[in-house]
Amino acid sequence: MENKIEISDLRVHYGDTPALNGISFDVHPNEILSIIGPAQSGKTTFLKVINRTLEFTPEATVEGSVKLDGVDIRTIGDVYGLRRRIGMVLPLPVGLPLSIYDNVAFAPRAAGLRTKSELDEIVERCLQQAALWDEVKDRLDTLGTKLSGGQQQRLTIARALSHQPEVLCLDEFSIAIDPVTTMRIEEVLKTLQKEMTILLVTNLVQQAKRLANRTAFFLNGDLIEIDTTDVIFSDNPANQATYDYVNGTFG
Amino acid sequence: MNLYKNFYVMNAMSTRAERKQKIVLPSTPFFTLGIAAGIAVIPISNALKKTDATNIQVVSPNALSMLLNDLYIVLSVSLLAILLGIVCAFYLEEWLPKTNWVRRFIESHVAVLTGIPSVLYGILAISIFLSYAGTLKVINGAPAAQDTGARPFQRHTTLFLGEGLIFILMVMPVTIKTTQEALRSVATPVREAAYALGASQWQVLTRHVVPIAFTRMLAAGCRAMARAFATAALLIGTYIWHYTAETDGMSSRFLLFLGAALFLSVCSSTLVEIHASIYNSDSA
Ligand SMILES: Nc1ncnc2c1ncn2[C@@H]1O[C@H](COP(=O)(O)OP(=O)(O)OP(=O)(O)O)[C@@H](O)[C@H]1O
Ligand SMILES: [Mg+2]
């Protein structure tokens, strides 16, 4: 089986502060891989490496390689195209100064799509998938920032799906969402898995347990362990720290 | 105690190159502006000495025309300077990295120029005006009644350039600084979110950054204009004083002077007020 993403000896420094100390692992196609770990362990940094938004942090340096479908992402000339192949949902919703419709249609338009009917279709499908369509279908023209926090977060999920990414990265997406909606979105993620690979960074270990095929445990910039979720959540994962973290006895 | 310790440690740790960055570039304005001022003194003092009789122009001693004339210069030059300043701010803030020496060079000059109170620019403009005024003065004793009417745009070219330059120097740095602040107020997450959607730099700027920063940029323009008007008030007062004949009577000259200066000051403070209200409504 071909790997979707291959990470080898990835090191990231912010100035002199190390954030990732040489991690290596593979991401399989169409899996849900969850990444868990305490604060400051480098999870967000890892996602930023993948879609190359870490490049906006001038003091950050990246060594090692990340390959997407066998191609080193740093050799990809069309960085905008690369970013469209990767969907990114950030922990807190970021309001773009656009209407709900334009928020979702932004990425397809940036990619050059102009046909109204196709855009309509994408907007509807993505908002449905993000469990937001029923709440906003009558006011697609209102500003996205006028929605509630939870609705805005679902809008960012719809936005991330709008360019039909191959890899969907979610960084603690459920911080601002109520449990019922979180469950609905988790169901959506399970169905989306058929079409794309999902990287799920989460602070809720139970969420990882519910959703993930495999789970990686990060700690202070090191990859402590990566295995199937069953093993990680069993009574005997390879590393004691993993067991402690998963069972809440860490620290 | 600890604070001092850190202070010394940090100093010891900054390399020669870092010290150079911290001290040398920010102090360049002293030298460049000093040299510029030195160069400017020569033509001004020359002009003060000689009055070239062949260069005498008849300028309408009509107060209204002078006011229009002045407004015209202030408005056109300031608008130009604001546009230039905005373009410049975009280039500095969005294209040049923070460490780029051109950016640091310009920013340090901008900081110094914005720190100069507009009254000083006004005095500079007046002194340039006075140094050329000899060639401009209405042929001695020509009473206002003989005048052919208002000719608002007829000016001495050198004077026009000198004044224009002063207004550009006064308005552009303020615009650059406030526009940069407006651009910086657009939070990094917004940019990153837009980039994460595959937008190009141009798309991020036009679709996200400018719409968010727009009200603040408008406010920036108002503030820069207010500065220009404040100086214009000083200038117009001087013109009126200079052109109205002594025979017009002390009190009417003084009234004209006050009226014009007051009018422009009101323009200026209104703009400041607009600036404040835009700014507050944006951050609310
Ligand atoms: N822009 C930055 N500049 C400097 N250091 C940074 C920056 N962003 C992150 N770091 C540092 O990198 C390390 C890893 O941070 P990162 O955000 O990747 O952790 P995380 O695992 O996502 O944590 P959390 O669970 O709190 O989101 C931390 O030590 C953090 O202080
Ligand atoms: Mg994080």
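**Notebook: a predicted two-chain model**

I began with contact range in chain B: among its contacts between residues at least 6 apart in sequence, 85% join residues at least 24 apart. I note here that the model is predicted.

**Chain B, overall**

I listed the secondary structure of chain B and found nine helices and zero strands. Read along the sequence, the pattern is therefore α-α-α-α-α-α-α-α-α, with helices being DSSP runs numbered from the N terminus. I then checked burial: 42% of the 284 residues of chain B count as buried.

**Helix α4 of chain B**

I tested the length of α4(B), residues 101-115. Its 15 residues should span 21 Å at 1.5 Å a residue, and the end C-alpha atoms are 21 Å apart, so expectation and model agree. At the N-terminal end I looked for a cap and found Asn100(B), with a side-chain oxygen 2.7 Å from the backbone nitrogen of Val102(B). I also noted which residues of α4(B) are buried: Arg103(B), Ser108(B), His109(B), Val110(B), Leu113(B) and Thr114(B). For reading such a list I keep in mind that an α-helix has 3.6 residues a turn, so residues three or four places apart point the same way.

**Between the chains**

I counted the residues in contact across the two chains: 19 of chain A meet 17 of chain B. The area buried between chain A and chain B is about 1700 Å², and carbon and sulfur atoms give 69% of it. Which three residues of chain A supply more than any other three of the area that chain A buries against chain B? They are Tyr80(A), Pro97(A) and Phe106(A), which supply 31% of that area.

**The four-stranded sheet of chain A**

I traced an open, antiparallel sheet of four strands in chain A, in the order β2-β1-β4-β5. The edges are β2 (17-27) and β5 (71-72); each has a single partner strand, so one side of each is left without a neighbour in the sheet. I followed the pairing of β1 (residues 5-14) with β2(A), which is antiparallel and runs over eight bridges. Within chain A, His13(A) stands opposite Pro18(A) of β2(A). I then looked at what crosses these strands: helix α1 (residues 43-50) of chain A lies across β1, β2 and β4 (60-68), at about 115 degrees to β1(A).

**The six-stranded sheet of chain A**

The other sheet I traced in chain A is open and has six strands in the order β6-β7-β8-β3-β9-β10, with mixed pairing. Its edge strands are β6 (86-89) and β10 (222-228), each pairing on one side only. I read an average twist of 15 degrees from one strand to the next. Inside this sheet I took up β3(A) and β8(A) (residues 197-201), which pair in the parallel sense over four bridges. Ile32(A) has Ile198(A) as its bridge partner in β8(A). Helix α1(A) packs on this sheet, touching β3, β6, β7 (167-171), β8 and β9 (214-219) of chain A. The direction of α1(A) makes about 150 degrees with that of β8(A).

**Ser41(A)**

I went to the loop between β3 (32-36) and α1 of chain A, where Ser41(A) sits. Is Ser41(A) buried or exposed? Its relative accessibility is 0%, so Ser41(A) counts as buried. The side chain of Ser41(A) makes a polar contact with that of Lys43(A), at 3.4 Å. Not counting residues up to four places away in sequence, Ser41(A) touches Ala19(A), Leu20(A), Phe218(A), Leu219(A), Asn220(A) and Gly221(A).

**Thr156(A)**

I placed Thr156(A) in helix α6 (residues 149-161) of chain A. Thr156(A) counts as buried because its relative accessibility is 7%, under the 20% cut-off. Leaving out residues up to four places away in sequence, I found Thr156(A) touching Val89(A), Pro93(A) and Val94(A).

**Gln129(A)**

My last residue, Gln129(A), lies in helix α4 (residues 116-129) of chain A. Its relative accessibility is 16%, so Gln129(A) too counts as buried, buried being under 20%. Beyond its neighbours within four places in sequence, Gln129(A) is in contact with Leu161(A), Val188(A) and Leu192(A). I also took its separation from Gly42(A): the two are 87 residues apart in sequence, and their C-alpha atoms are 29 Å apart in space.

Conventions
Residues numbered from 1 in each chain as written. Chains lettered and ligands numbered in written order. Predicted model: local features only at pLDDT ≥ 70, side-chain atom pairs only at ≥ 80, totals over all residues. Heavy atoms only, no water. Helix = DSSP H or I, 4+ residues; strand = E, 2+ residues; numbered from the N terminus. Buried < 20%, exposed > 50% of the residue type's maximum accessible area, 1.4 Å probe, protein only. Contact = heavy atoms within 4.5 Å. Expected span 1.5 Å × (residues − 1). Polar contact = N/O pair within 3.5 Å; in protein donor to acceptor, adjacent residues only side chain to side chain. Pairing = 2+ DSSP bridges. Axes fitted to C-alpha atoms, helices over the stretch in contact; angles between N-to-C directions. Buried area = accessible area lost by both parts, 1.4 Å probe.
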